[in-house]
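Biologist: Before we discuss any labels, could you show me the model and then take me through the reasoning behind each one?

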Amino acid sequence: MIRKPFAGVAIAGLMSLSAALFVHSVRAQSQSDRSDKQEQKATKLVSGKVIKVWNSGHSLSVEVAGENKNTTEFVEFVVDRNTRVNGQVREGTAVTVEYQATESGQNLAVSITAQA
């Protein structure tokens with residue numbers, strides 16, 4: 001006779017525990033999603049002409065218009081395995097580069113798109 005109440009309490013306890021673990025799991029996942037979004041750095045966009053490709057295609061220099069439209073600047077970019085390249089990019093190609101600055105001061109190309 002005493003077994004039935006204990007069995008009911010045990011089942012209720014297990015249900016409460018599993019519900020608490022589920023809620024904790026959902027909270028941990030949503031916090032992880034937020035931290036991943038915060039870690040994504042802001043990107044910038046420039047357009048210009050590829051002047052030089054070196055390091056077996058892992059680096060390139062692009063000539064872009066300076067802040068004063070009468071000047072030009074040369075911006076160097078690092079290309080890694082995650083960089084999306086759209087079209088054929090070689091010296092003389094007009095490109096648009098989406099990039100982000102790294103902690104080491106380099107410009108990491110997120111995407112490079114050759115202009116037709």
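**Reasoning behind the labels**

Modeller: In this predicted model, the count of aromatic pairs comes to one. The pair is formed by F77 and Y99, and it links F77 in strand β3 (residues 72–78) with Y99 in strand β5, 22 residues apart.

Biologist: Why is the pair of F77 and Y99 called edge-to-face?

Modeller: Ring centres must lie within 6.5 Å to pair, and planes over 60 degrees apart count as edge-to-face. For F77 and Y99 the values are 5.1 Å centre to centre and 65 degrees between the planes, so the pair is edge-to-face by that definition.

Biologist: What makes F77 and Y99 count as buried?

Modeller: Buried means under 20% relative accessible area; F77 has 1% and Y99 has 11%, so each of them counts as buried.

Biologist: How do you know that T93 is buried, and where does T93 lie?

Modeller: T93 lies in the loop between β4 (84–86) and β5 (94–101); its relative accessible area is 13%, and because the cut-off is under 20%, T93 is buried. Leaving aside neighbours within four places in sequence, T93 is in contact with G48, K49, V50, Q88 and A114.

Biologist: What makes you say that β1 and β2 pair?

Modeller: Pairing needs at least two bridges, and six bridges join strand β1 (residues 44–54) to β2, so the two strands pair, running antiparallel. One of the bridge partners in β2 is V64, which is matched with G48.

Biologist: Why is strand β2 described as largely enclosed by the rest of the structure?

Modeller: Because five of the seven residues of strand β2 (residues 59–65) are buried.

Note on methods
Residues numbered from 1 in each chain as written. Predicted model: local features only at pLDDT ≥ 70, side-chain atom pairs only at ≥ 80, totals over all residues. Heavy atoms only, no water. Helix = DSSP H or I, 4+ residues; strand = E, 2+ residues; numbered from the N terminus. Buried < 20%, exposed > 50% of the residue type's maximum accessible area, 1.4 Å probe, protein only. Contact = heavy atoms within 4.5 Å. Phe/Tyr/Trp six-rings, centres within 6.5 Å; stacked < 30°, edge-to-face > 60°.
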